[in-house]
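Student: Hi, could you walk me through a protein model? I'd like to talk about helix packing first, then cysteines.

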Amino acid sequence: MIRNGSHAVEEEDQGEPSSSSLSPGKRKRVIRVWCDGCYDMVHYGHSNQLRQAKAMGDYLVVGVHTDEEIAKHKGPPVFTQAERYKMIRATKWVDEIVEGAPYVTTLETLDKYNCDFCMHGDDITLTVDGKDTYDEVKRMGRYRECKRTQGVSTTDLVGRMLLLTKSHHSNVDNTAYQLHTDNFGKVRLTYIPQPGDTIIYVAGAFDLFHIGHVDFLETVHKQAEKPYVIVGLHFDQEVNRYKGKNYPIMNIHERTLSVLACRYVSEVVIGAPYAVGKDLLDHFKVDLVCHGKTEVFPDTDRTDPYAEPKKRGIFRILDSSNNLTTDDIMQRIIENRLQFEARNQKKEAKEMAVIEALKHKEDSLKIEAALTNN
């Protein structure tokens, strides 16, 4: 299980004056960081970038581009701008979002939102005419960079959907997976929810973590004054059993990282049992079990996986008023397959052109340096 640190730990009083009691000259200046992007099909790569950005300062402002801007420079987004705005607002490291942020980041934008610098990954971001979108802020020294998260991208996820592959699924025969299963109910919680917390348990695939999941988890979070929300994630093979095709599109590790980035989630149980039984409820001292309006598939023995919480009178069906599912997202991709394939090819061609240009420049500088030394 992995905790999300939803409760802040109060620091002991060391007798130091608070920042508000210090003279203006001695107060710590708040460092405001700017990030921007499409944030389409938000995955743990996006979340990791935002986490690193927040670590570089105190206050994180995130600009999200419009559908029109994305279509102009990259091709059609999978999610609407309203959906993408809400996804970023639900990311726990984000303090503020700017809707309709310009595609090209300028000093004017940084100054308008009082940001000290812009932070982006080390991947290439280009305009429709092949120009670096961060050129100006780079030249003026107001740009910072973090390592791009390897192994995931929106392009890669779209590819998994279109090709219907299962190669991304994790191997449950691996000893690390067996350890998760064997230790369930035997590992003592190192973090105990605070007195008065209502422990709420939900379970599922949470595949391609999207706005439908966010709306559901927000609804779950509102079920109590002091909620402590635990999300149980099923292993890939379990998800494939009840969903079929090549689901899940994201493997268990990817889904864990995506769910943990949500501000409404306190803890994640990796490889949770499909049936929400007595051992699980007692181990986590669960007060309430919730499920959305989506279909509940029976367990392998055809029994109701929620029989025990129903028996205890702690089961609740919630309506988040958002019916979006992973199947719906797949359908969006399939219906616009040619457009997405063209978008990916155009993006790759522009990136390769820039890489070749940079390599040519580097080779020229090496030749020039060699001639100078001779």
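Tutor: Happy to; this is a predicted model, and we'll go through a helix pair, the cysteines and a proline.

Student: At what angle do α3 and α8 cross?

Tutor: The axes of α3 (residues 81-89) and α8 (residues 211-221) cross at roughly 50 degrees and come within 10 Å of each other. That angle falls outside the parallel, antiparallel and perpendicular ranges, so the two helices count as oblique.

Student: And which hand does the crossing of α3 and α8 have, left or right?

Tutor: The crossing is left-handed. On the α3 side, the contact is made by Glu83, Lys86 and Met87, while α8 contributes Ile211, Val214, Asp215 and Glu218.

Student: How many of the contact residues are nonpolar, and how many are charged?

Tutor: Three are nonpolar and four are charged, with no polar residues in the contact.

Student: Switching to cysteines, how many disulfides are there?

Tutor: The count is zero. Take Cys146: its nearest cysteine sulfur belongs to Cys35 and is 7.3 Å away.

Student: Is Cys146 buried or exposed, then?

Tutor: Cys146 has 7% relative accessibility, so it counts as buried. Cys290 is buried as well, at a relative accessible area of 1%.

Student: Last topic: where does Pro273 sit?

Tutor: Pro273 is in the loop that runs between β9 (267-270) and α11 (278-283). With a relative accessible area of 30%, Pro273 is partly exposed.

Student: How far is the Pro273 C-alpha from that of Ala203?

Tutor: Those C-alpha atoms are separated by 9.0 Å, and the two residues are 70 residues apart along the chain.

Terms used
Residues are numbered from 1 along each chain as its sequence is written. This is a predicted model: local features need pLDDT of at least 70, side-chain atom pairs count only at pLDDT 80 or more; totals for chains, interfaces and linings use all residues. Side-chain values use heavy atoms; hydrogens and water are left out. Axes are lines fitted to C-alpha atoms, for helices over the stretch in contact, and angles run from 0 to 180 degrees between N-to-C directions. Helices (H or I, at least four residues) and strands (E, at least two) are DSSP runs, numbered from the N terminus. Angles under 35 degrees count as roughly parallel, over 145 as roughly antiparallel, 65 to 115 as roughly perpendicular and the rest as oblique. A crossing is left-handed if the near helix is turned anticlockwise from the far one by less than a right angle, and right-handed if clockwise. Contact means heavy atoms within 4.5 Å. Ala, Val, Leu, Ile, Met, Phe, Trp, Tyr, Cys and Pro count as nonpolar, Asp, Glu, Lys and Arg as charged, and the others, Gly among them, as polar. A disulfide is a pair of cysteine sulfur atoms within 2.5 Å. Buried means under 20% relative accessible area, exposed over 50%, partly exposed in between (1.4 Å probe, protein chains only).
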